[in-house]
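Work through the exercises below with the model open. Try each task before reading its solution.

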Amino acid sequence: MESPLTIIILAAGLGTRMKSRKAKVLHQAGGKTLIEHVVDTALELTAPSSIHVVVGHQAADVRKTLASRGVLFAEQTEQKGTGHAVLCCESVVRERAGRVVVLYGDVPLLKSATLRRLIELQSGSGAAAAAISTFQDDPTGYGRIVRNERGEVVAVVEEKAATSEQRGIREINAGIYCFDAPLLWKHLHDLRPDNPARELYLTDMVEILNREGHSVLPLVAGDSSELLGINTRVELAAVDRILRQQKVRQLMLDGVTIERPETVTIDSQVQIGMDTVVEAFARILGDSRIGSDCRIGAFSIVNHSTLEDNVLVLPYTIINTSQVATGAQLGPYTRLRMENYVGAGAHIGNFVELKKTRLGDGSKASHLAYLGDSVIGEKVNIGAGTITCNYDGRKKSQTKIGDRAFVGSNSTLVAPVEIGEGSYLAAGSVITHAVPPDALAVARGRQVNKEQWARRRRESAIQNPDSRS
Ligand code: UD1
Ligand code: CA
């Protein structure tokens, strides 16, 4: 049997350098919070019950963000350093054998394959610990790796405590370690806050283990971008960019055409089917799912929505928390504001807004309309300028429109109201009462033509040039 693996993720700090009221690990990159990235990587290695997240700043929010993952938590009420954070897990981690992997919540790009190599290095060599390192052109802000003549790590020196010679070291500590569990728990209490910040540094474990006659091995990461730690919003943007690049690259390899991929924003959880085309500057966000053979027009935004196959989204369309069935066509400039369902083959055109509305299969609303709190049947035609008056200043009411109804242009439907199947509403009608199936409803002032009225007016103006009306 494989030896047990416990993963501890440090996420209690506020992240002062972010200059934010929000805890650092709750900031997002690639459409997910930093802590979700790290936890999801950990979940590729072990069961949720073996993952402990150390929370402190905004602990309730971090717990809520991770609720669906089923991982465990430890509280660090005062942030007294990375070593102190691991100590806070001591009483809750039940498994004392095997190994402990420590991850930092602000290092989100790390891959599980790299962690596997780290675990293999530590367990295969019998070293007390292994730490991931990498060479950075600009190592500013990171702890530096000090090696002995055998190439083992003898110390990690923090920037603040480093001598000018040590600051010149370009090999940095990524903040990711695999410890022999019994040795970690045995020596964790030997940490001392003898540094300018008066904190317990986990990195001091390297010196302690060496002093006790154990060795610590470095795993030099091939891809140093995996180890980027986020301390400022500048680094947050850099990591976000990398995640977006990885996402579009994977989608393209999976058969999605992406025009000008550097301009699009696609969140990590998004799924897109084969032969779909994403035009430049599109944004596809949240847990959106897009089928195959779709087109997402330039500058469109799809957020937390599902599009089935063959959906055509023309430019500048906004689709939010909605579902769009096969073959529907939207845009340009359509807005599905929230919780809509658009049926198969339906068409929605420019400047049409839908809110909590169901538009049946094959129905059309091609121009300039507001359809709110409505249930609209199949093959209905909604004329230009149709407005559902769903709000009377106090409450929202529903509009129902039966199959094949024809709503003339500039109709005003005062809800609650029901329009029967196959009926016609004359253009410009203000509909306040139910319309029976197959009826014609005309609800507008009758037209009156006053013969020669305009000519008479002109002539009277010539005879009395001073009179102004
Ligand atoms: C740390 C390392 C440094 C390494 C760098 C890599 C130490 C002392 N230094 O520095 O060697 O190069 O990461 O990115 O470990 N945290 C807690 N509780 C605390 C303090 C921190 O949970 O009391 C968490 C933070 O929320 C964060 C992580 O630990 O997710 C790292 O803390 P941070 O203050 O960013 O450490 P660095 O100064 O970056
Ligand atoms: Ca950091």
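The exercises cover a pocket, a helix pair, a loop contact and some backbone features.

This is a predicted model: local features need pLDDT of at least 70, side-chain atom pairs count only at pLDDT 80 or more, and totals for chains, interfaces and linings use all residues. Residues are numbered from 1 along each chain as its sequence is written, and side-chain values use heavy atoms, without hydrogens and water.

**Exercise 1.** Describe the largest pocket and its lining.

Step 1. Fix the term: on a 1 Å grid over the protein atoms alone, a pocket is an open set of points where a 1.4 Å probe fits, with protein on both sides within 12 Å along at least five of seven lines; lining residues have an atom within 4 Å of a point.

Step 2. Take the volume, the space filled by probe spheres set on the points. The largest pocket holds about 1,100 Å³.

Step 3. List the lining. It has 36 residues, with R17, K24, T82, D106 and N231 nearest the centre.

Step 4. Assign elements, which are DSSP runs numbered from the N terminus: helices (H or I, at least four residues) and strands (E, at least two). β1 (5–11), α3 (82–87) and β10 (171–180) each supply at least two lining residues. β10 gives the most, with four.

Step 5. Sort by class: nonpolar (Ala, Val, Leu, Ile, Met, Phe, Trp, Tyr, Cys, Pro), charged (Asp, Glu, Lys, Arg) and polar (the others, Gly among them). The lining has 14 nonpolar, 15 polar and seven charged residues.

**Exercise 2.** How do the axes of α1 and α2 cross?

Step 1. Fit lines to C-alpha atoms over the stretch in contact; angles run from 0 to 180 degrees between N-to-C directions. The axes of α1 (34–43) and α2 (59–66) come within 10 Å and cross at roughly 50 degrees.

Step 2. Classify. Under 35 degrees is roughly parallel, over 145 roughly antiparallel, 65 to 115 roughly perpendicular and the rest oblique. Therefore α1 and α2 are oblique to each other.

Step 3. Find the contact (heavy atoms within 4.5 Å). I35, E36 and V39 in α1 meet V62, T65 and L66 in α2. These residues divide into four nonpolar, one polar and one charged.

**Exercise 3.** Which residues does E159 contact, leaving aside neighbours within four places in sequence?

Step 1. Locate E159 in the loop between β9 (153–157) and α5 (164–167).

Step 2. The contacts are P139, T140, G141, Y142, R144 and R167.

Step 3. Check one pair. E159 and Y142 are 17 residues apart in sequence and 6.2 Å apart in space, C-alpha to C-alpha.

**Exercise 4.** Inspect the backbone at P332, P416 and H304.

Step 1. Recall the norm: most residues other than glycine have a negative phi, and most peptide bonds are trans.

Step 2. The G331 to P332 bond is cis, with omega near -5 degrees. The A415 to P416 bond is cis, with omega near 0 degrees.

Step 3. H304, not a glycine, has a positive phi of about 45 degrees. H304 sits in the loop between β19 (301–303) and β20 (306–307).

Technical notes:
Chains lettered and ligands numbered in written order.
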